[in-house]
Amino acid sequence: MEQPIVTAYDFNAPRQIIVGGGTFGKLPELVIGLKGTCVLIVTDGYLLEQGLVREAISSLSEAGIKSVVFHRISPDPTMGSVLEGLALLRQHSCDAIVALGGGSPIDAAKAISVLATNDGPLTRYAGYHLIPNPGLPLIAVPTTAGTGSEATRVAVITDELRQVKMMLFDNALLPDIAVVDYRLSMTMPPQLTAYVGVDTLTHGLEAYVSKKRNPFSDPIALSCIGLVGQHLLRAYTCPTDEAAREGMAIAACQGGLAFSNSSVCLVHGMSRPLGAVYHLTHGLSNAILLPAVTRFSVAGCEARYATAARTMGLVAPELTDVEAADALVYALEAMNRQLNVPRLRDCVGVSRATFEQSVSKMAADALASGSPQNNPVVPTMAEIEQLYLTCW
């Protein structure tokens, strides 16, 4: 076995992960198991209109559990929205939280959970292992197959005043229970399927090549990578394909488990500032960045990138590691074209000159996050600036 870079490590996961179509129906018994009597449901405006929230409220009510809904969550949850949700939780004396949605509601719910049991402000917990007390009981129910936040000890919250996406990393942020019901993702529109699907691949790939990788995260990361290679394009082109949706839901959860127990790298380091300044969703910014950052990084870990290419079924077995790793880069570029992932110039809403003015700040914020230091090739600030421009 390859000698791990990190020789001492721990592996953390939700205490229970429930997987399968129809498992959303177990929500009341799960809340009861956590001794919840009044639940704050954290979701977004879209899901509030789709009936899923009403279904949750009804099933909880039938079991004698009160609930209140907080839906004012933007695609990049802010400190302001977290505080608004916290105020609602306290107003109704909620003793448990259900996060229903993509990564944004789940991350916001994590932050609300820990602020309910720890003194604020939230900024004091930005960084690694800074939260002293466990949060309120939390059940995470993802409706997108992308972020894997249901299985991570990470939350990313935007400090709107500083235009910075803060990363909080602590075991207190792990949901108690993750409910991975692929049927909840069946109504995702194709473009959202594409963006969060590439986000899932990014999680698996970065976890696998990270300098903090370990023998426990590796097989989960590879399984994630293989499932994306098998199912993403099918889920995009045929949204009602249950096998593809199930494969991507499992891949997303595995991606979250993998990177939460190794780390993310340069793509995420660059993605967070891009989202903070230009308000791109996390999945979209990761998808835009992944091919260019992989091309930059591949020389630092050719054997692993080659394994990823083989796991996705992209290359013939006789290719050398160098050839297979190079083929992976071209395959990622082709995947983005097939999934209609735009260039930066098509979605930031500013001119190239205006974008260039923001590049230095974004590169500095990327480096300050610490994620680029885990990359197979550790970039300089100038190299990060050039990568942003390459993606333009």
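Here is a short tour of this structure, stop by stop, for you to follow in your viewer. Keep in mind that the model is predicted.

**The whole chain**

Start zoomed out with the cartoon on. The fold comes to 14 helices and nine strands. Its radius of gyration is 20 Å, close to the 21 Å that the globule rule gives for 392 residues, so the protein is as compact as a globular protein of that length. Along the principal axes, the C-alpha atoms fill a box of roughly 60 × 45 × 45 Å. Of the 392 residues, 58% are buried.

**Select Val-53 and Ala-331**

Val-53 sits in helix H3, which covers residues 52-62. With a relative accessible area of 1%, Val-53 is buried. Now draw a line from its C-alpha to that of Ala-331: the two are 38 Å apart in space and 278 residues apart in sequence.

**Salt bridges**

There are 11 salt bridges in the structure; here are some to show as sticks.

Pick Asp-10 and Arg-153, whose closest N and O atoms are 3.7 Å apart. This pair joins distant parts of the chain, since Asp-10 is in the segment before strand S1 (16-19) and Arg-153 is 143 residues away in the loop between strands S6 (138-142) and S7 (154-159). Asp-10 is partly exposed at 44% relative accessible area, whereas Arg-153 is buried at 4%.

Go on to Asp-218 and Arg-304, with 2.8 Å between the closest N and O atoms of their salt bridge. Helix H7 holds Asp-218 and helix H11 holds Arg-304, 86 residues apart. Both ends are tucked away: Asp-218 is buried at 13%, and Arg-304 is buried at 6%.

Then try Glu-333 and Arg-295, a salt bridge with its closest N and O atoms 2.9 Å apart. It links helix H12, home of Glu-333, to helix H10 (residues 282-297), where you'll find Arg-295, 38 residues apart. Here Glu-333 is partly exposed at 25%, and Arg-295 is partly exposed at 36%.

**Out on the surface**

Switch on the surface and color by charge. Glu-302, Glu-318, Glu-323 and Asp-326 gather in a patch of negative charge. Click on Glu-318, in the loop between helix H11 (302-311) and helix H12 (321-338). At 63% relative accessibility, Glu-318 is exposed, because the cut-off for that is over 50%.

For the last stop, select Tyr-9, Phe-11 and Phe-216, which make a nonpolar surface patch of about 290 Å². Phe-216 lies in the loop between helix H6 (190-209) and helix H7 (217-237).

Technical notes
Residues are numbered from 1 along each chain as its sequence is written. This is a predicted model: local features need pLDDT of at least 70, side-chain atom pairs count only at pLDDT 80 or more; totals for chains, interfaces and linings use all residues. Side-chain values use heavy atoms; hydrogens and water are left out. Patches are made of residues with over 30% relative accessible area and no salt bridge: like charges are joined within 9 Å, nonpolar side chains (Val, Leu, Ile, Met, Phe, Trp, Tyr) within 5 Å. Accessible areas come from the Shrake-Rupley method with a 1.4 Å probe; for residues, only the protein chains shown count as cover. A salt bridge is a side-chain nitrogen of Lys or Arg within 4 Å of a carboxyl oxygen of Asp or Glu. Lys and Arg count as positive and Asp and Glu as negative; His and the chain ends are not counted. The place of a charge is taken as NZ of Lys, CZ of Arg, CG of Asp or CD of Glu. Helices (H or I, at least four residues) and strands (E, at least two) are DSSP runs, numbered from the N terminus. Buried means under 20% relative accessible area, exposed over 50%, partly exposed in between (1.4 Å probe, protein chains only). The radius of gyration is taken over C-alpha atoms; the globule rule is 2.2 Å times the number of residues to the power 0.38.
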